Amino acid sequence: MSSWKDQQVLIVGGGIGGLAAALALARKGIAAQVIEQAAAFKEIGAGIQLGPNVFWMFDRLGLTEAVNALAVFPNNLIMMDSITAEEVTRIPLGDAFRKKFKQPYALIHRADLHKMLLEACRKSNRIRLDASQKVINVEETVDGIVAKTESGKEYRGAALIGADGLWSTIRQMVVGDGKPNVAGHITYRAVLPTSEMPEKFRWRDMVLWAGEKVHLVHYPLRTGELFNLVAVFHSDRYEEGWDSFGDPAELHERFAKTCEPVRTLLNKIDSWRMWVLCDRPPIKEWSRGRITLLGDAAHPMLQYLAQGACMSIEDAVCLASKVVEKQGDYEGAFRAYQQARYLRTGRVQIMARVYGEFYHAAGVAKELRNMMLGSRTPEEAMAGMEWLYGEQKELTQNASPRARGEVASVASG
């Protein structure tokens with residue numbers, strides 16, 4: 001006999017959030033169809049940071065071992081002053097940190113994390129993956145959803161999840177609030193082979209050089225083979241943009257007043273990829289009937305707490321749990337899911353904005369920042385991040401056991 005679990009859920013978007021949603025549903029026995037508009041399932045970008053909170057989700061998704069094999073586990077989170085080259089604060093990530101949060105802090109290449117999710121989805125007989133299909137219309141029927149693509153293909157399912165990112169098509173069908181807000185901040189990203197990284201900066205740490213309306217982040221990737229460099233500065237030259245080439249001349253102009261170590265690192269890169277940073281104000285409702293949103297489609301956030309991917313994976317686990325709780329009542333499950341998530345994701349959205357200004361402070365604000373952070377103990381710093389990194393018990397109940405020997409946050413990039 002067929003059950004409600006055999007009626008597939010349509011997922012629009014095959015990025016980290018969409019694949020995590022498919023995997024979370026499949027692990028609950030629920031069929032999923034992922035629809036990706038790009039020609040292939042792949043991820044752009046470079047490094048991302050994984051806070052302890054997302055490792056609970058990896059436990060639930062059966063990905064912990066795969067993540068551990070490719071991630072770098074840094075020794076410290078460090079903030080440096082990019083004008084004076086002095087250390088502002090350091091948060092050790094060793095035994096005390098892991099004891100506090102029961103999980104590690106890690107650094108991973110975005111493409112590696114995406115590939116892990118993709119491989120896990122391909123191994124599941126509950127998940128179907130289609131690329132080169134751009135959804136242009138969604139209709140809710142009496143008993144389900146019909147999604148139509150630009151090529152004329154139709155997909156039918158019991159419900160639909162919009163995991164199609166910052167510029168979400170599905171969001172406009174559900175919320176209809178237009179384009180996201182342009183933050184006035186530009187991000188340049190690049191990766192550098194470790195052999196080309198100045199030896200004195202080959203730190204096994206997540207390092208942020210905070211400046212006046214600028215900052216630079218660097219950290220190792222792929223077990224130390226590469227270094228990820230992220231340069232951020234205030235600019236209103238671009239209103240929109242995604243994954244285009246950056247202008248090195250503007251970058252060096254913006255960082256002209258920074259210290260020699262920062263300028264040395266920036267000069268190591270000839271070609272940068274540019275992203276214009278955008279977000280949206282938090283909202284309380286992102287579902288309509290049997291349609292809901294996930295990740296950046298629901299709550300896009302600036303990068304300053306390094307939680308975009310982490311929040312989307314938390315979303316996926318929460319959503320799948322609510323669907324099971326409601327036994328296939330998708331409208332009820334989606335309401336319960338957004339109710340469980342909106343305050344947490346909204347807080348991260350708001351605090352990411354705050355931290356963006358915090359990292360880029362000048363004058364008196366900069367002095368106060370350095371004094372406040374410099375006077376904290378590591379224990380005080382960790383206590384300040386309990387709300388973000390602490391275990392979300394509603395998401396970790398019945399998590400599979402495993403051996404766990406394994407801030408203001410210093411976490412932009």
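Here are some notes on helix H2 and strand E11 in this predicted model.

1. Ground rules first. Residues count from 1 along each chain as its sequence is written, and side-chain values use heavy atoms, with hydrogens and water left out. As the model is predicted, local features need pLDDT of at least 70 and side-chain atom pairs count only at pLDDT 80 or more, while totals for chains, interfaces and linings use all residues.

2. Take H2 (residues 52-61) and H9 (residues 308-325), helices being DSSP runs of H or I with at least four residues, numbered from the N terminus. They pack at about 45°, axes 9 Å apart (lines fitted to C-alpha atoms over the stretch in contact, angles running from 0 to 180 degrees between N-to-C directions). That makes H2 oblique to H9 (neither under 35 degrees, nor over 145, nor 65 to 115).

3. Who touches whom (heavy atoms within 4.5 Å)? H2 brings Asn53, Val54, Met57, Phe58, Arg60 and Leu61, and H9 offers Cys310, Met311, Ile313, Glu314, Val317 and Ser321.

4. H2 is largely enclosed by the rest of the structure, because ten of its ten residues are buried (under 20% relative accessible area, 1.4 Å probe, protein chains only). Just after H2, Gly62 has a positive phi of about 75°.

5. Strand E11 (residues 159-162; strands are E runs of at least two) is covered on both faces: Ala159 and Ile161 are buried on one side, Leu160 and Gly162 on the other.

6. E11 pairs (at least two DSSP bridges) in the parallel sense with E1 (residues 9-12) over four bridges, and Ile11 stands opposite Ile161. E11 also pairs with E19 (residues 291-293), again parallel, over three bridges; there Leu293 is the bridge partner of Gly162.

Note on methods:
Contact = heavy atoms within 4.5 Å. Buried < 20%, exposed > 50% of the residue type's maximum accessible area, 1.4 Å probe, protein only.
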